[in-house]
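Colleague: Before I read anything into the picture, I would like to know what the labels on it rest on. Could we go through them one at a time?

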Amino acid sequence: MEAEKRVASSKKAENNRDKKMTRKEILEKKKKVQEIIKAALSEKDPLSSFPSFHHYSTKDLSVYLDSGRGDYLSSSVKQYIQYLLKVNMEVAYGTEWPKEEKVKRREMVSSEARYIFVYETVNADANIMFKLSKKGRSNADGTDDKGHLVAFVHYRFTIEEEIPVLYVYELQLEQRVQGKGLGKFLMLLIELIAQKSKMSALVLTVQKANMTAIHFYRNKLRYLISTMSPSQMGLQSNYEILCKSFDSETKAVLEVCNPFSLVLNIKPKRTQIRFDISHALKILPRIHASDYCIN
């Protein structure tokens with residue numbers, strides 16, 4: 001009997017040690033994730049790592065890109081962001097827009113907000129304009145010597161389900177620069193930034209009423225509905241949360257596995273996108289599909 005008690009006691013002690021180790025591992029994982037986010041936020045200019053994405057040109061569009069952050073926005077840029085959001089998103093939000101507009105105004109100036117701004121170049125070389133953009137960036141607006149601001153991406157590095165992710169808050173393009181491949185170009189850049197920053201996934205929210213945006217993300221960029229989306233929790237909502245994971249562990253946590261949709265979305269191996277710079281440069285000449293005002 002005593003021997004059995006000692007064995008039971010020993011097993012209990014082992015189980016306690018295992019639990020302590022498990023807790024320790026969890027804490028170490030959380031610490032690692034926090035360090036990844038901190039390192040990503042400390043990056044001053046994500047664009048500097050991707051020189052081939054400093055500008056984008058088609059036969060009837062020439063733009064260059066610049067990076068920024070929410071707490072450094074000039075008043076003119078704030079006004080432009082508010083204007084473009086209202087033009088593009090008021091209809092999609094419907095009666096909820098007045099409330100959402102206030103939320104977006106607070107979000108856009110957060111110190112955690114990161115931006116990619118897109119300026120149209122007029123009678124100037126894109127490389128020259130990009131160099132000019134590095135001077136007095138905080139004074140950027142839609143009408144200064146940088147050119148005319150025509151689009152922007154608002155994104156953040158954050159944690160979802162204990163996983164480091166890049167969350168796209170806004171992808172907004174003026175109507176006249178849509179349908180020229182610029183939206184895909186920007187999302188490809190964002191995916192590259194996410195991977196370089198050691199994020200495990202890209203996450204975004206899209207309004208159900210914005211069918212063009214849903215088509216863009218789901219069919220053209222192959223995003224999947226996330227397990228975090230209200231529809232997957234049995235909740236009624238006017239939006240879906242979509243994601244694209246970069247590893248199998250994250251896929252298991254964030255992505256909803258729908259065999260039917262997976263069959264529809266399968267592509268031949270030769271056309272699948274590997275998100276590294278060299279491959280990105282190869283596929284960019286083929287990017288000419290329509291893109292849209294997207295939230």
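**Reading the labels**

Colleague: Why does Arg222 count as partly exposed?

Modeller: This is a predicted model, and the value computed from it for Arg222 is a relative accessibility of 29%. Partly exposed runs between the buried limit of 20% and the exposed limit of 50%, so at 29% Arg222 belongs there. Arg222 sits in the loop that joins helix H6 (211-220) to strand S7 (224-225).

Colleague: What is notable about phi of Arg222?

Modeller: Phi is positive, near 65°, and the residue is not glycine. Most residues other than glycine have a negative phi. Glu162 is another such case, with a positive phi of about 65°.

Colleague: Where is Glu162 found, and is Glu162 buried, partly exposed or exposed?

Modeller: Glu162 is in the loop between strand S4 (148-160) and S5. Its relative accessible area is 44%, under the 50% that exposed would require and above the buried range, so Glu162 is partly exposed.

Colleague: What makes Lys32 exposed, then?

Modeller: Its relative accessible area is 55%. Exposed means over 50%, so Lys32 qualifies. Lys32 is part of helix H1 (residues 2-42). Its C-alpha atom is 9.6 Å from that of Pro164, although the two residues are 132 apart along the chain.

Colleague: How do you know that Asp60 and Lys180 form a salt bridge?

Modeller: The N to O distance between their side chains is 2.9 Å. The rule asks for a side-chain nitrogen of Lys or Arg within 4 Å of a carboxyl oxygen of Asp or Glu, so 2.9 Å is enough for Asp60 and Lys180. The two lie in distant parts of the chain, 120 residues apart: Asp60 in the loop between strand S1 (55-58) and strand S2 (61-69), Lys180 in the loop between strand S5 (163-173) and helix H5 (182-196).

Colleague: Why is Lys180 called buried?

Modeller: The relative accessible area of Lys180 is 18%, and buried means under 20%, so the label holds for Lys180. Its partner Asp60 has 48% and counts as partly exposed.

Colleague: What makes Glu191 and Lys244 a salt bridge?

Modeller: Their closest N and O atoms are 3.3 Å apart, and the limit is 4 Å. Glu191 is in helix H5 and Lys244 in strand S8 (residues 239-245), 53 residues apart, so this pair too links distant parts of the chain by the reckoning used here. Glu191 is buried at 2%, and Lys244 is buried at 12%, both values being under 20%.

Colleague: How far apart are N and O in the salt bridge of Asp71 and Arg69?

Modeller: The distance there is 2.7 Å. Asp71 is partly exposed at 36%, and Arg69 is partly exposed at 26%.

Colleague: How many salt bridges does the rule give?

Modeller: The count is 10.

Colleague: How is the packing of helix H2 and helix H3 described?

Modeller: Two packed helices are described by the angle between their axes and the distance between the axes. For H2 (residues 75-93) and H3 (residues 97-108) the angle is about 145° and the axes are 10 Å apart. Their crossing is right-handed. Residues making the contact include Ile81, Leu85 and Met89 of H2 and Trp97, Glu100 and Met108 of H3. By class, the contact has six nonpolar, one polar and seven charged residues.

Colleague: Where does pLDDT stay under 50?

Modeller: One stretch is residues 135-143, with 24 contacts beyond four places in sequence. Another is residues 259-292, with 59 such contacts. Where pLDDT is low, the predicted coordinates should not be read in detail. Over the chain, pLDDT averages 81, and 72% of the residues score at least 70.

Colleague: And what does the secondary structure of the chain come to?

Modeller: There are nine helices and eight strands. The chain has 295 residues, of which 45% count as buried. Among contacts with a separation of 6 or more, 75% are between residues 24 or more positions apart.

How values were computed: Residues are numbered from 1 along each chain as its sequence is written. This is a predicted model: local features need pLDDT of at least 70, side-chain atom pairs count only at pLDDT 80 or more; totals for chains, interfaces and linings use all residues. Side-chain values use heavy atoms; hydrogens and water are left out. Helices (H or I, at least four residues) and strands (E, at least two) are DSSP runs, numbered from the N terminus. Buried means under 20% relative accessible area, exposed over 50%, partly exposed in between (1.4 Å probe, protein chains only). Axes are lines fitted to C-alpha atoms, for helices over the stretch in contact, and angles run from 0 to 180 degrees between N-to-C directions. A crossing is left-handed if the near helix is turned anticlockwise from the far one by less than a right angle, and right-handed if clockwise. Contact means heavy atoms within 4.5 Å. Ala, Val, Leu, Ile, Met, Phe, Trp, Tyr, Cys and Pro count as nonpolar, Asp, Glu, Lys and Arg as charged, and the others, Gly among them, as polar. pLDDT is the predictor's confidence in each residue, from 0 to 100.
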